[in-house]
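User: Hi! Please take a close look at the aromatic rings and any enclosed space here, and then follow the backbone to its unusual spots. I would like one connected account, with the cut-offs stated.

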Amino acid sequence: MPISQQYAAQIERYVQQHRQELVDILIEMIAVPSVKSPALPGMPFGENCAKALEKGMEICRRYGMDTECYENYAAGAQCGNGDKQIGFIAHLDVVPVGEGWSSDPFVGVERDGFVVGRGSRDNKAGFAAALMAVNCVRELGIPLRSSLRILMGSDEECGMSDMVYMVKNHKMPDFSIVTDCYFPVAHGEKGRVCGDVVMQIDPEKLRMEGGQAPNIIPNTCAAVLPRRAGQLAGVRKLAESFEGIHADAKEDDIVIMAQGVSAHASEPFKAVNAIWRLAAFLSEAKLLDGAEAKAVEYIRQAFAPYYGESFGVQYEDEASGKTTLIPGMVRTEDGQLRVTLDCRYSVTDKKARVLPLIVSSVEKAGWKFEVQEATDSHYIPKDHPVAQRLTQVFNAVAGEEKQPYVLAGGTYASKVPNSVAFGPGNAKEPGMMPYGPGRGDAHQPDESQHIGCLMDAVRIYALGRCGACGSTPARARHQPFRRVCAHGSRHCCFHAGHG
């Protein structure tokens, strides 16, 4: 009898019996407000990110795992023996809270079948699911040929320098699952170029502010026209013919607000970019002249198409679709207007092509481009054995027939060799959230993790770890098994040596 079939019923009982334990771990991790802050001695991402790593190690030690801190860039917990090692990687840092929460974002609460709190989905749930799956396999005495290691990162949201450091300075697992995406397998991740278009302007003639992060299309943006309050009536008249534009006076200044529709940077077709909308109004209403007029006209023209056409980087492939390029932030500082662009280029394209084209296009327009981040794409073919086997494990547990997919966003898999992103999210979760549009998902107010879906993740990870590639359950809940791999557990996707 295959190992997975032998232990499936016991894994199911374990998951049911440890439901509250799983929830409690997640709530305990949410209590650490692990937003990146300025570096301190021995704490490269600030005190709270270091505290999150310590809390993660403390919890792992309760389960009998050996822990190690890697200079507070990351932390690890290990158990078992073997020549090879399987890793599960989650990040414990979170994005800033923002406004609009119905409860304290750092006091996790169970509500409506969800755990609510900042980081509940992104990505402390991934840590909790991996830990419970490891403990499940150990507690049931399931034999393993490889040691197991949980890695906890602390700078995923702000550039992934933690994993860059780890890969350079420490031994990494032979194969890793990154627990930071929707199931099934993300067999590819688009490459990214992020940086500032820098334009010299006079802030006594124009100031613009908008956007919270480069990877979010902003739904609001503001422009200030200093000492022009006397022209408010005329500006309001012009705004009447532009959707989403409102003008008001603040002391001697005119403040013009643009309202748009937010979405992830990789999905501009779902959004109305407030930066572009405001620049278009300022340009077409001819409210500026000189360098300021040139700047807003550049924003209007360069970012009107959102597939990179104005920068010459347009590209499309079958695996990941079209390249996207949007302005995510604008700000005025030190006599400069800085527009932060976010480009997600297709997986079969190359950074060596995309980045020079962006730089050249900006310089040709008379501005300067300052690179913040330029990452390679990450891709294995959809029919790669690892992608197929992991997807089969998910489909068997979930009773679905999904296929591997490409992420427009990025995970640690783009930085860590021999890794893929695999769960713990379920694409059905956003539709179950009871909070209304713009709430409940990752990075949003009332960020929430569905408990039933998290329990499914424990089942999937545990079944994979016990040799699920020999055969896996058609449904994890005591139903008959079906063959998913003709090679047997020797080639299990959760064991090293799969190629």
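Analyst: Happy to! Rings of Phe, Tyr and Trp (the six-membered ring in Trp) count as a pair if their centres lie within 6.5 Å; planes under 30 degrees apart are called stacked, over 60 edge-to-face, and the rest tilted. By that rule, F88, F183, F394, F422 and Y461 make up one aromatic cluster, and the structure holds 12 aromatic pairs.

Some ground rules before going on. This is a predicted model, in which local features need pLDDT of at least 70 and side-chain atom pairs count only at pLDDT 80 or more, while totals for chains, interfaces and linings use all residues. Residues are numbered from 1 along each chain as its sequence is written, and side-chain values use heavy atoms, leaving out hydrogens and water.

Two of the cluster's rings, F183 and F394, also help to line the largest cavity. A cavity here is a set of points, on a 1 Å grid over the protein atoms alone, where a 1.4 Å probe fits but cannot get out, and its lining residues have an atom within 4 Å of a point. Grid points are joined across faces, edges and corners, and the volume is the space filled by probe spheres set on the points. The search of the whole structure finds 3 cavities of 30 Å³ or more, and the largest has a volume of about 40 Å³.

What lines the largest cavity? Besides F183 and F394, the residues are A398, P424, N426, C453, D456, A457 and I460. Their classes come to 7 nonpolar, 1 polar and 1 charged, where Ala, Val, Leu, Ile, Met, Phe, Trp, Tyr, Cys and Pro are nonpolar, Asp, Glu, Lys and Arg are charged, and the others, Gly among them, are polar. Two helices, α10 (385–398) and α12 (451–465), each supply at least two residues of this lining; α12 gives the largest share, with 4 residues. Helices (H or I, at least four residues) and strands (E, at least two) are DSSP runs numbered from the N terminus.

F183 also leads to the backbone. Most residues other than glycine have a negative phi, and most peptide bonds are trans. The bond joining F183 and P184, however, is cis, with omega about 0°. P184 sits in the loop between β8 (181–182) and β9 (185–189). Another cis peptide bond runs from D122 to N123, with omega near 15°; N123 belongs to the loop between β5 (114–116) and α4 (124–139).

Positive phi values appear as well. E71, a residue other than glycine, has phi near 55° and lies in the loop between β1 (66–70) and β2 (74–79). M160 is not a glycine either, yet its phi is about 65°; its place is the loop between β6 (147–153) and α5 (161–169).

Are these two residues buried or partly exposed? Buried means under 20% relative accessible area, exposed over 50%, and partly exposed in between (1.4 Å probe, protein chains only). E71 is partly exposed, because its relative accessible area is 39%, whereas M160 is buried, at 8%.

M160 has a neighbour worth a visit: D155, in the loop between β6 and α5. D155 counts as buried because its relative accessibility is 1%. Leaving aside residues up to four places away in sequence, D155 contacts (heavy atoms within 4.5 Å) K36, F45, D93, M160, S161, D162 and Y412. Its C-alpha is 13 Å from that of G119, which is 36 residues away along the chain.

Back to the rings for a last stop. A charge sits over a ring if NZ of Lys or CZ of Arg is within 6 Å of the ring centre and within 35 degrees of the ring normal. K294 lies over the face of W367, 4.7 Å from the ring centre, and K322 over the face of Y307, at 4.5 Å.

Notes. 1 Å grid on protein atoms, 1.4 Å probe; cavity = no way out; pocket = protein on both sides within 12 Å on 5 of 7 lines; lining within 4 Å.
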